[in-house]
Amino acid sequence: MLPKQLVLDTWISTGTTEQFVDSILTLAARRASEYVCFANVHMVVEAHRHPQFRLIVNQAALVAPDGSPVAASVRWFGGSKQPRVAGMDLLPQLLAAAAEQGKSVFFYGTTPAVLAAIVARAQHELPALRIAGTLSPPFRPLTPAEDEADVAAINASGADLVFVALGCPRQERWMAEHKGRIAACMLGVGQAFMVYAGLERRLPPWARRLWLEWAYRLWLEPRRLWRRYLTTNTRFVYLVAGRLLTRLASRPPLAAD
């Protein structure tokens, strides 16, 4: 797997987008019951605040730097320059690679309407892609019987990759709970389902390079996201600045000539 760099309390995987795609396809080829997280600022702050969630994220086979501040922090904390590896970008690339290599995919989460739009686009653009199945679980905790039925359906489909969209931190907890039970590589891609389905637009690349995607999301869903962005973004800046200043202060002074 790819090397990792510690950002606050979260181990972030490092590498190019191509290396992430290759690593995920390697897990798929092994039918490894592993999971992949896509870490944005919200996830890193949640991992800092909650030790149990931190353990879930740090036990993932890969933790992609989904947010631009997270990718930049990889370098700030001692790593090399790291590009952003967003779930919204990686999803279509992985589907194309899966179609080329004959891997099958499963979509779990969101709503039946979103799943139908995803399948329609994938079948149109990637006719060779093997879609093993889709499942839209109810927006409530599943009963043990319902959960067993979902696991059985996913495993019976023979899927190599299972894309999961339940929202953070629910999807990460779901993947961790199903490690060893789902015979496939699970990927918590969240909002990427809506974008791929064509139900939510993304900012142009120039705006993403300026780290403005959070502002666009806030404009789309102000009532749901304003508190999260106010608290988590501010806390992330505070924590990162504090850690960096502590590191700087602990460095030995330069020797006098």
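1. This note concerns a predicted model. Strand E1, residues 4-7, has two faces: Gln-5 and Val-7 lie on the covered one, while Lys-4 and Leu-6 lie on the uncovered one. In a regular strand, side chains alternate between the two faces of the sheet.

2. The partner of E1 is strand E2, residues 10-13; the two pair in the antiparallel sense over 4 bridges. Within this pairing, Gln-5 of the covered face stands opposite Ile-12 in E2.

3. E1 and E2 form a hairpin, with 2 residues between the strands. Leu-8, in the turn, has a positive phi of about 55°.

4. Further along the chain is helix H7, which takes in residues 144-157, 14 residues in total. From its first C-alpha to its last, H7 reaches 20 Å, close to the 20 Å expected at 1.5 Å a residue.

5. The buried residues in H7 include Asp-147, Asp-150, Val-151 and Ile-154. They are on the same side of H7 because they cover an arc of only 95° around the axis. As a general matter, an α-helix has 3.6 residues a turn, so residues three or four places apart point the same way.

6. Which elements help to cover the buried residues of H7? Among them are strands E5 (104-109), E6 (130-135) and E7 (161-165), together with helix H8 (170-178).

7. On the face of H7 turned away from its buried side are the exposed residues Ala-145 and Ala-156. Just after the helix H7, Gly-158 takes a positive phi of about 75°.

Note on methods:
Residues numbered from 1 in each chain as written. Predicted model: local features only at pLDDT ≥ 70, side-chain atom pairs only at ≥ 80, totals over all residues. Heavy atoms only, no water. Buried < 20%, exposed > 50% of the residue type's maximum accessible area, 1.4 Å probe, protein only. Pairing = 2+ DSSP bridges. Expected span 1.5 Å × (residues − 1). Arc of directions from axis to C-beta. Contact = heavy atoms within 4.5 Å.
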